[in-house]
Amino acid sequence: MDERQLRVLRELGESGSVTAAAEALRVTPSAISQQLRLLQRSVPVPLTERSGRRLVLTPAGQALAGAAIEVETALARARGTVGEFLGRPDGVVSVAAFHSAAAVFGPDLVRATSGPGSPTVALADEDVAQSEFPPLTREYDIVVGHRLDHTAPWPGTVSVTPLLHEPMDIALPTGHPLAARTRLTPGDVADQPWITVHDGFPLMATIEAIAAAAGRRLHLAHRVNEFAVVAEIVAAGGGIALMPRWTTRPHPQTTLRPLTGVHARRHIDALHRPERTARSAVRTVLRHLRTSAEAVSSRDGTDEAAT
């Protein structure tokens, strides 16, 4: 039995006939009869009987119609509770992000939601391969992930709120001969020792594109996923690296130079399951993320927030 069938039974008992019940529920008499037949299949005793030309409730039907009132009341209360939950502006919103994005967006979210009536943001760091970001939306309300221009788009199983389209620059030790150039090509950097991420992580696709454009393999001297550590190794003369232009803290002993000849940008997006944005609190956090992204991209006088 389901809610519609119980409502039909209740209305039949109150209105006294199939025709009257159909008028009250704004359906056809045949629809009323069909729902009653479906309900009867789930009950081992007759619920209706003929009284002359009218169909009326049996004692069992009357008892079930009375229980239907309690069922509808409970369901209405449940819907009200859900509606209140969805509309609350101050619920807990879980947000996961990879490390460099967490360092930029996390503090902004904490500041933006510190006032009364704001969502409570629960932050987590998740440094995973590109393919593993979408499954994280099962665990978190919002997942900030990244992918490169020439990699596969996010799957249709998640909704995407674009945040940044961030350039990836070449990080060099201050005083390196290549730092005197305003732009670098794959040929310029192909013979340098490299500090790069582990296989499967988004930046490896750009490393492979640089090697292909230069026509030779790169020497991958170090494998480090955390950009703050990478910057220290670059500064120490351990090699060069791809570094995000906006979402890493500048290091005083490194220099960033743009790379031409390959697509060296990454998309930073907020991933979420479509049903999560039914909550007002989740929509509020997404708006804060967009505002933060606009501020980040405009720090060097450009406007490269994703649209």
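**Entry 1: α5 and α9**

Before looking at any pair, I note the cut-offs: angles of 65 to 115 degrees count as roughly perpendicular, under 35 as roughly parallel, over 145 as roughly antiparallel, and the rest as oblique. I also remind myself that this is a predicted model.

My starting pair was α5 and helix α9, residues 280-297. I found that their axes come within 10 Å and cross at roughly 125°. α5 and α9 are therefore oblique to each other. As for the hand, α5 passes α9 in a right-handed crossing.

Which residues of α5 and α9 meet? From α5 I listed V104, F105, D108, L109 and A112. Facing them in α9 are V285, H288, L289, S292, A293 and V296. Sorted by class, the residues of this α5 contact with α9 are eight nonpolar, two polar and one charged.

**Entry 2: α1 and α2**

Next I went to the N-terminal helices. Helix α2 covers residues 18-25, and α1 packs against α2 at an angle of about 120°, the axes being 8 Å apart. α1 and α2 are therefore oblique to each other. I noted the crossing of α1 and α2 as right-handed.

On the α1 side, the contact uses R7, V8, E11, L12 and S15. α2 brings V18, A20, A21, A24 and L25 to the contact. I sorted the residues of the contact of α1 with α2 into seven nonpolar, one polar and two charged.

**Entry 3: α1 and α3**

I stayed with α1 (residues 3-15) and turned to helix α3 (residues 29-41). How do the axes of α1 and α3 cross, and within what distance do they come? I read a crossing of roughly 115°, with the axes coming within 9 Å. α1 and α3 are therefore roughly perpendicular to each other. This time I wrote down a left-handed crossing, α1 passing α3.

The residues I jotted down for α1 are R4, Q5, L6, V8, L9 and L12. For α3 they are I32, Q35, L36, L38 and L39. The classes in the contact of α1 with α3 are eight nonpolar, two polar and one charged. Looking back over my lists, I see V8 and L12 of α1 in the contact with α3, and V8 and L12 of α1 also appear in the contact with α2.

**Entry 4: the largest pocket**

I then looked for open space. The largest pocket holds about 480 Å³. Its lining comes to 23 residues, and A103, V104, T247, T248 and R249 are the ones nearest its centre.

Which element gives the most to the lining of the largest pocket? I found α5, with seven residues. α5 (99-112) and α8 (227-235) each supply at least two residues of this lining. By class I sorted the lining of the largest pocket into 10 nonpolar, five polar and eight charged residues. I was pleased to meet V104 again: V104 lies among the residues nearest the pocket centre, and V104 in α5 also takes part in the contact with α9.

**Entry 5: the cavities**

How many cavities of 30 Å³ or more are there? I counted two.

The largest cavity encloses about 110 Å³. I listed its lining as F98, H99, S100, D127, H146, V197, F201, P202, L203, N225 and F227. That lining has six nonpolar, four polar and one charged residues.

The second largest cavity encloses about 60 Å³. Around the second largest cavity I found I195, T196, V197, L203, I207, V224, N225, F227, V230, A241 and L242. Two or more of these lining residues come from each of β7 (193-196), α8 and β9 (241-244). The classes in the lining of the second largest cavity are nine nonpolar, two polar and no charged residues.

One cross-check before closing the notebook: V197, L203, N225 and F227 line the largest cavity, and V197, L203, N225 and F227 line the second largest cavity too.

Definitions and conventions
Residues are numbered from 1 along each chain as its sequence is written. This is a predicted model: local features need pLDDT of at least 70, side-chain atom pairs count only at pLDDT 80 or more; totals for chains, interfaces and linings use all residues. Side-chain values use heavy atoms; hydrogens and water are left out. Axes are lines fitted to C-alpha atoms, for helices over the stretch in contact, and angles run from 0 to 180 degrees between N-to-C directions. Helices (H or I, at least four residues) and strands (E, at least two) are DSSP runs, numbered from the N terminus. A crossing is left-handed if the near helix is turned anticlockwise from the far one by less than a right angle, and right-handed if clockwise. Contact means heavy atoms within 4.5 Å. Ala, Val, Leu, Ile, Met, Phe, Trp, Tyr, Cys and Pro count as nonpolar, Asp, Glu, Lys and Arg as charged, and the others, Gly among them, as polar. On a 1 Å grid over the protein atoms alone, a cavity is a set of points where a 1.4 Å probe fits but cannot get out, and a pocket is an open set with protein on both sides within 12 Å along at least five of seven lines; lining residues have an atom within 4 Å of a point. Grid points are joined across faces, edges and corners, and a volume is the space filled by probe spheres set on the points.
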